[in-house]
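Welcome, and please have your viewer open. Let's take a short walk through this structure together, one selection at a time.

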Amino acid sequence: MIRKEAMGLILKKIKSEPIISANGFISRDLFELKEKNSNFYMIGSMGLSSSIGLGVALKNPKKKIYVFDGDGNILMNLGSLTTIGTLKPKNLIHVIFDNGSHESTGGQPTAANQIDLSKIAKSLNYKVYQVKNKIQIENFYKKINSITGPIMLLVKIDKSDIVSKRIDITPPQIKNRFIKSLQN
Amino acid sequence: MKKSFQIDLFDFLVKNDIENYVGVPDSTLKHFISRALEKKKIIITTREEEAIGIASGMSMSGSNSVVFMQNAGFANSISTITSLTELYEIPMIFLIGWRGYLKNDAPEHLKIGKIQPDLLKIIELPSKVLSEKNWKKQCIWALKKIKNHQPCALVIKREFYD
């Protein structure tokens, strides 16, 4: 399963819930698969999608807040897991698409295959679920409403050379429509 | 800046609807930070960029933040400030403790302290230096900035070396 496929399966379960997506191919895939006002495409500031998501989750406790992250991104901001695990937002669903590589910059390896992200996250108070195919994603969604967050959904994916189009909305536009969507 | 002024500064910002105080501790700002801890309005993060990310999420949810840090941490955050805060025009007030303002400060602060005003200028982040006399006026300036959706910085000099 490649990222775009896995993301597509998860997006089938998401209606208008806010999604904060990491820079690079993750945001581009999201833009191509399910463009909506409640997507915050973080085009720079690598590593920070989970921090932005934490801020949004804490201030919108009645909404489910998704972060679409990558292994390279989260390894750049592992401290974020500590802060999330301390503040324990019940409504945060932290999805990590893990291909063990920095695909957006040419497929260089990350350390994700040599360490255990799930153990790190568990020790930091996350509820961790690992999936690698459609059935496991379906099973996760059967029980999602009974799980108190923060949730980490670790999605093991294969590398791919499919590249989605660039985001053609300006950053202030992305922000303004995201703000409006949160007010609904 | 003396303890009483730092407490007044915090209370004034709270009174003016700054709800969140997110950042990495700095000794120059310790009384301000202690007050925020006492009032349970604080999130201490592992790095400064993380604080900027959290404040961004809160700001977009209609809740304003001060992001506090030492100038060394400000230098760490320059790419995040330019590619998130400024690029998306997300309002927040940076409160920066300025080590290396004194020429006899600890050696690790001297080089970065010397270029602190230039760093602010180069990234075009509007800023004011606070003193015990002018802090209220500068805070009003900062509050007006964020009301107009512009990020800005308030700087507190480290005027003693212990």
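Below is a tour of a predicted model, going from a sheet to a helix and then to a contact between chains.

**First stop: the sheet.** Select the strands of chain A that pair in the order β2-β1-β3-β4-β8-β7. These 6 strands make an open sheet with parallel pairing. Now colour β2 (39-41) and β7 (127-131) of chain A, the edge strands, each of which pairs on one side only. Look at how the strands are set against one another: neighbours in this sheet are turned by 15 degrees on average, direction ignored.

**Second stop: one pair of strands.** Zoom in on residues 92-98 of chain A, which form β4, and residues 151-156 of chain A, which form β8. The two run parallel and are joined by 6 bridges. Which residue of β8(A) is the bridge partner of A:Ile93? Select A:Ile151 and you have found that partner.

**Third stop: a helix over the sheet.** Next, show α3 of chain A, residues 49-59. α3(A) lies across β1 (19-21), β2, β3 (65-70) and β4 of chain A. Relative to β3(A), α3(A) runs at about 175 degrees.

**Last stop: where the chains meet.** Keep α3(A) selected and bring in chain B. The contact takes 24 residues from chain A and 21 residues from chain B. On chain A's side, α3, α5 (79-87) and α8 (171-183) each supply at least two residues. Which of chain A's elements gives the most to this side? That is α3(A), with 8 residues. Colour chain A's side by residue type, and the split is 11 nonpolar, 11 polar and 2 charged.

How values were computed: Residues numbered from 1 in each chain as written. Chains lettered and ligands numbered in written order. Predicted model: local features only at pLDDT ≥ 70, side-chain atom pairs only at ≥ 80, totals over all residues. Contact = placed C-beta atoms within 7 Å. Helix = DSSP H or I, 4+ residues; strand = E, 2+ residues; numbered from the N terminus. Nonpolar A, V, L, I, M, F, W, Y, C, P; charged D, E, K, R; others polar. Pairing = 2+ DSSP bridges. Axes fitted to C-alpha atoms, helices over the stretch in contact; angles between N-to-C directions.
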